[in-house]
Amino acid sequence: MILDTDTGAVATRAYVLHPDLTSDRERRDPEPALAEAIALAEALPDLEVLGGEVVRLRKPDAGALFGSGKLDELMAKLSAQEVGLVLVDGPVSPVQQRNLEKAWGVKVLDRTGLILEIFSDRAATREGVLQVEMAALSYQRTRLVRAWTHLERQRGGLGFVGGPGETQIEADRRAIDEQLTRLRRQLDKVAKTRELHRASRAKVPFPVVALVGYTNAGKSTLFNRLTGAEVMAKDMLFATLDPTMRGVTLPTGMKVILSDTVGFISDLPTQLVAAFRATLEEVLSADLILHVRDITHPETEGQKEDVMSILHDLGVAEDVPMIEVWNKVDVADPERRAVLQTVADRTENVRPLSAVTGEGLDGLIEAITHALDDARTVREIELPFEEGRKRAWLHEQGVVMDESQTETGFRLTVAMTARQEKRFREL
């Protein structure tokens with residue numbers, strides 16, 4: 001550990017290892033993957049990241065992930081640099097984690113643990129804090145299997161710790177399950193409040209434009225540029241976690257709601273995909289999605305695949321219109337920029353721009369306006385009494401602006417997007 005002279009805090013020396021499995025090389029290039037892992041580590045405060053390396057593996061060792069020779073080689077390097085924390089960019093089982101910590105005498109975190117640490121440090125809203133706590137507890141629950149030898153002892157039954165003969169593992173697991181149940185109840189209340197707010201917005205009715213993309217692609221910078229807001233925007237992975245929404249008036253006078261969401265990342269921990277589903281529900285109800293890409297990143301195509309995969313897992317309908325925003329063209333060399341512009345001109349729903357300089361912003365606004373033109377059509381619908389299911393669906397969608405009862409049924413004034421109208425007709 002070293003003392004940070006600027007803050008007075010003690011910084012832990014950290015080193016990053018990226019296991020390069022032969023079976024995984026077709027999917028991810030190890031060097032950019034290592035660079036991303038180092039960037040993740042640098043996103044945590046109080047860490048001095050000394051660097052990292054790619055470790056070639058034919059197959060992981062069941063007991064310690066790395067072979068004995070590699071363990072000794074890394075041990076010498078870690079000792080020489082006085083490393084206190086090793087970050088392994090990949091999954092590490094509880095047994096492997098215990099054995100690595102014992103062999104090296106340092107704390108070990110895998111990729112999931114690292115991302116959870118970052119999310120825990122950044123969550124600001126009540127919902128975000130609850131979601132991170134749930135994800136962390138779910139992760140810790142998997143660590144109870146043979147993770148620590150002291151958990152094998154048995155303890156008697158006093159209060160909540162369990163009955164006679166119950167092991168510490170069982171007691172700890174039960175305590176975690178009880179806490180998860182409490183958190184789910186609290187999160188359900190927050191989610192219901194958000195749903196009420198969403199229904200209120202739908203009645204206005206303003207179209208919702210959701211920004212999605214890989215972490216550090218520039219979503220928050222673009223959000224600030226479009227809205228004039230001051231959402232935290234740094235060249236850092238997961239600079240912002242909690243969703244932010246602002247109203248924006250387009251040049252045509254149309255008002256839209258712009259939503260900035262948490263950044264995606266490859267191999268996102270399954271605990272976080274589930275825990276942040278409520279946060280990402282804004283994407284599910286969006287009338288238009290802006291997929292912000294760092295078009296200059298060497299792995300930009302792979303990042304696109306990861307984002308699209310997560311959107312699919314979330315249940316985002318394929319018929320939701322999407323615009324690809326090719327961000328950070330200002331850092332590309334002139335030749336690369338010319339190629340990008342040529343490809344964009346020939347590709348539908350693609351807009352190159354720089355969220356930092358504002359270059360290309362007018363073209364994006366024009367594309368948004370075109371995509372949302374008549375996005376919500378106001379019209380009257382007559383429903384007989386026996387069509388109660390359709391009437392209930394309209395109210396669930398929050399599109400009913402006015403309603404009156406007639407002799408034969410209901411007369412409703414609704415404002416629906418083309419996607420909602422299509423679903424309504426299919427009922």
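Helices, taken as DSSP runs of H or I with at least four residues, and strands, taken as DSSP runs of E with at least two, are numbered here from the N terminus. On this basis the chain has 14 helices and 16 strands. The structure is a predicted model. Of the 427 residues of the chain, 49% count as buried. Contacts between residues at least 6 apart in sequence were also examined, and 68% of these join residues at least 24 apart.

Strand β12, which spans residues 322-327, is paired with strands on the evidence of two sets of bridges. Five of the six residues of β12 are buried, and the strand is therefore largely enclosed by the rest of the structure. One partner is strand β11 (residues 288-294), which pairs with β12 in the parallel sense over six bridges. Within this pairing, H291 stands opposite E324 of β12. The connection from β11 to β12 passes through helix α10 (residues 300-314), and the resulting β-α-β crossover is right-handed.

Strand β13 (residues 350-352) is likewise a partner of β12, the two strands pairing in the parallel sense over three bridges. Here E324 stands opposite V350 of β13. Residue E324 thus has a counterpart in each pairing, namely H291 in the one and V350 in the other. Helix α11 (residues 334-346) joins β12 and β13 in a β-α-β unit, which is right-handed.

Packing between helices was examined for α1 and α4. Two packed helices are described by the angle between their axes and the distance between the axes. Helix α1 (residues 30-42) and helix α4 (residues 111-122) pack at an angle of about 40°, and their axes lie 9 Å apart. The crossing of these two helices is left-handed. Helix α1 contributes E36, A37, L40 and A41 to the contact, while helix α4 contributes R111, L114, I115 and I118. By class, the residues of this contact comprise six nonpolar and two charged, with no polar residue.

A further site considered is G247, which is placed in strand β9 (residues 244-249). The relative accessible area of G247 is 65%; because exposed residues are those over 50%, G247 is classed as exposed. The C-alpha atoms of G247 and V209 are 10.0 Å apart in space, and the two residues are separated by 38 residues in sequence.

How values were computed. Residues numbered from 1 in each chain as written. Predicted model: local features only at pLDDT ≥ 70, side-chain atom pairs only at ≥ 80, totals over all residues. Heavy atoms only, no water. Axes fitted to C-alpha atoms, helices over the stretch in contact; angles between N-to-C directions. Left-handed = near helix turned anticlockwise from the far one by under 90°. Contact = heavy atoms within 4.5 Å. Nonpolar A, V, L, I, M, F, W, Y, C, P; charged D, E, K, R; others polar. Buried < 20%, exposed > 50% of the residue type's maximum accessible area, 1.4 Å probe, protein only. Pairing = 2+ DSSP bridges. Right-handed = clockwise from strand over helix to strand, strands pointing away.
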